[in-house]
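Trainee: I keep meeting terms that seem to have exact rules behind them. Please take me through some, setting each value against its definition.

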Amino acid sequence: MNPTLSELEARATREKAAFGGDAHIVCDNLVRIYKTEGVEVVALQGLDLVIDKGELVAIVGASGSGKSTLLNVLSGLDVPTAGVARVAGMDLLSMNARDRLRYRRSVVGFIWQQTARNLLPYLSARENVELPMKLAGRRGGRALELLELLGVGYCADRKIPEMSGGEQQRVAIAVALANSPQLVLADEPTGELDSETSEQVFDALRKANRELGVTVVVVTHDPLVSEQVDRTVGIRDGRTSSETLRREGAEGQIVAEEYAVLDRVGRLQLPRDFMNALEMERRVRLELESDHIGVWPAREEPSDD
Ligand SMILES: Nc1ncnc2c1ncn2[C@@H]1O[C@H](COP(=O)(O)OP(=O)(O)OP(=O)(O)O)[C@@H](O)[C@H]1O
Ligand SMILES: [Mg+2]
């Protein structure tokens, strides 16, 4: 007997849900192609990424590797060309305009690198935080509490130009948190700041993550920031290429382990310096051992001992 339409739909939903399961953020084979004046730029070329609820993840990668494109997709500002992008169970490709607006107002918060872009200069810090609450039809009672949590309660009644860059970015985080989002995205939030101020801003993001339980994804060039998160995801040419996981070792020291990302059809990217060191190109020879896979340059035979 042929399956009914609803059985087929249920099966499609199951299969679609398989990758990443019910993780908080799931990108599966995400593609974003920009077309400008007849030229196509493939900014994301089949990116896979799974992030669990409550994680604090740093995204690193060379300029042009697709970091901002990914964040714009996750923030609901941009729609990918193909693939799957799901946040908190919501499908970012098929979402209608009304759901997208609701998503951007109350599911996700966003912080730009340019401090000036995050805040309205003629409002006070407190009014900036209250604004998104009012737009979502809520009362602004929590604004001062949020500013205090992020260490900028003393700026509540100052206008934006009366604050330092670091204070402004911390107020921007409070604005992003105004409607209790599940996810906060920050695109190089410390890019315009010196290292000491950067640290305060990053501390504020960490506080939001630890104390409010918000999932935080932060793009950064700052090696100090990427050392302070549990997981760093490297992006290369529009794909996730490596992950660094940090955990506490037996003596309390922090151990960082680097992994290559394996996609579901078995592709992985070798680090470029590894390939260069062994002059690997075009093809490599693989050998399955009992507990690992050996990878050799194609031309040379491995030594026998
Ligand atoms: N609106 C656009 N129109 C056309 N091409 C774009 C657009 N936005 C980004 N691109 C291209 O897509 C690729 C990825 O850009 P993206 O901004 O995501 O990189 P990035 O990793 O954020 O870089 P950076 O570290 O410099 O901010 C680049 O080749 C870029 O030129
Ligand atoms: Mg960018």
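Mentor: Let's start with the largest cavity, which is lined by S195, S198, E199, F202, D222, L224, V225 and Q228. Keep in mind that this is a predicted model, where local features need pLDDT of at least 70, side-chain atom pairs count only at pLDDT 80 or more, and totals for chains, interfaces and linings use all residues. Residues are numbered from 1 along each chain as its sequence is written, chains are lettered from A and ligands numbered from 1 in the order in which they are written, and side-chain values use heavy atoms, with hydrogens and water left out.

Trainee: What makes a space a cavity, and what makes a residue part of its lining?

Mentor: On a 1 Å grid over the protein atoms alone, a cavity is a set of points where a 1.4 Å probe fits but cannot get out, and a lining residue has an atom within 4 Å of a point. Rolling a probe the size of a water molecule over the atoms shows where empty space is left. F202 is on the list, so one of its atoms lies within 4 Å of a cavity point. The volume here is about 50 Å³ (grid points are joined across faces, edges and corners, and the volume is the space filled by probe spheres set on them). Just one cavity of 30 Å³ or more turns up in the structure.

Trainee: Which element gives the largest share of that lining?

Mentor: That's α8, with four residues. Both α8 (195–212) and α9 (223–227) supply at least two. We call them helices because they are DSSP runs of H or I with at least four residues, while strands are runs of E with at least two; numbering goes from the N terminus.

Trainee: How do you know how the residues of the cavity lining divide into nonpolar, polar and charged?

Mentor: Ala, Val, Leu, Ile, Met, Phe, Trp, Tyr, Cys and Pro count as nonpolar, Asp, Glu, Lys and Arg as charged, and the others, Gly among them, as polar. That gives three nonpolar, three polar and two charged. E199 and D222 are the charged ones, because Glu and Asp are on the charged list.

Trainee: Why is the largest pocket called a pocket rather than a cavity?

Mentor: Because a pocket is an open set of points, with protein on both sides within 12 Å along at least five of seven lines. This one has a volume of about 690 Å³. Its lining has 23 residues, and R104, F110, W112, P132 and V175 lie nearest its centre. α5 gives the most, four residues. The lining divides into 15 nonpolar, five polar and three charged residues.

Trainee: Now ligand 1: what makes a residue count as near it?

Mentor: One of the residue's heavy atoms must lie within 4 Å of the molecule. Y34, V41, A43, A62, S63, G64, S65, G66, K67, S68, T69 and H221 are the residues around ligand 1. They split into four nonpolar, seven polar and one charged.

Trainee: What makes the pair between ligand 1 and K67 a polar contact?

Mentor: A polar contact is a pair of N or O atoms within 3.5 Å; within protein, one must be able to donate a hydrogen and the other to accept it, and residues adjacent in sequence count only if both atoms are side-chain atoms. An oxygen of ligand 1 lies 2.7 Å from an N or O atom in the K67 side chain, so the pair qualifies. Polar backbone atoms of G64, at 2.8 Å, and G66, at 3.0 Å, also face a ligand oxygen within the limit. In total, the protein covers 62% of the 640 Å² of accessible area that ligand 1 has on its own (Shrake-Rupley method, 1.4 Å probe; for residues, only the protein chains shown count as cover). β2 (39–51) and α2 (67–74) each give two or more residues to the shell, and α2 leads with three.

Trainee: How do you know that β9 and β10 pair?

Mentor: DSSP must find at least two bridges between two strands; β9 (231–236) and β10 (239–248) have six, so they pair, and they run antiparallel. G234 stands opposite S242 there. Two residues lie between these strands in their hairpin, where D237 takes a positive phi near 45°. β10 also pairs with β11 (254–260), antiparallel, over seven bridges.

Trainee: What are the edge strands of the open sheet of four strands?

Mentor: The order is β2-β1-β4-β5, with antiparallel pairing. β2 and β5 (90–91) are the edges, as each pairs on one side only. Inside the sheet, β1 (25–36) and β4 (82–87) share five bridges, with D28 opposite V84.
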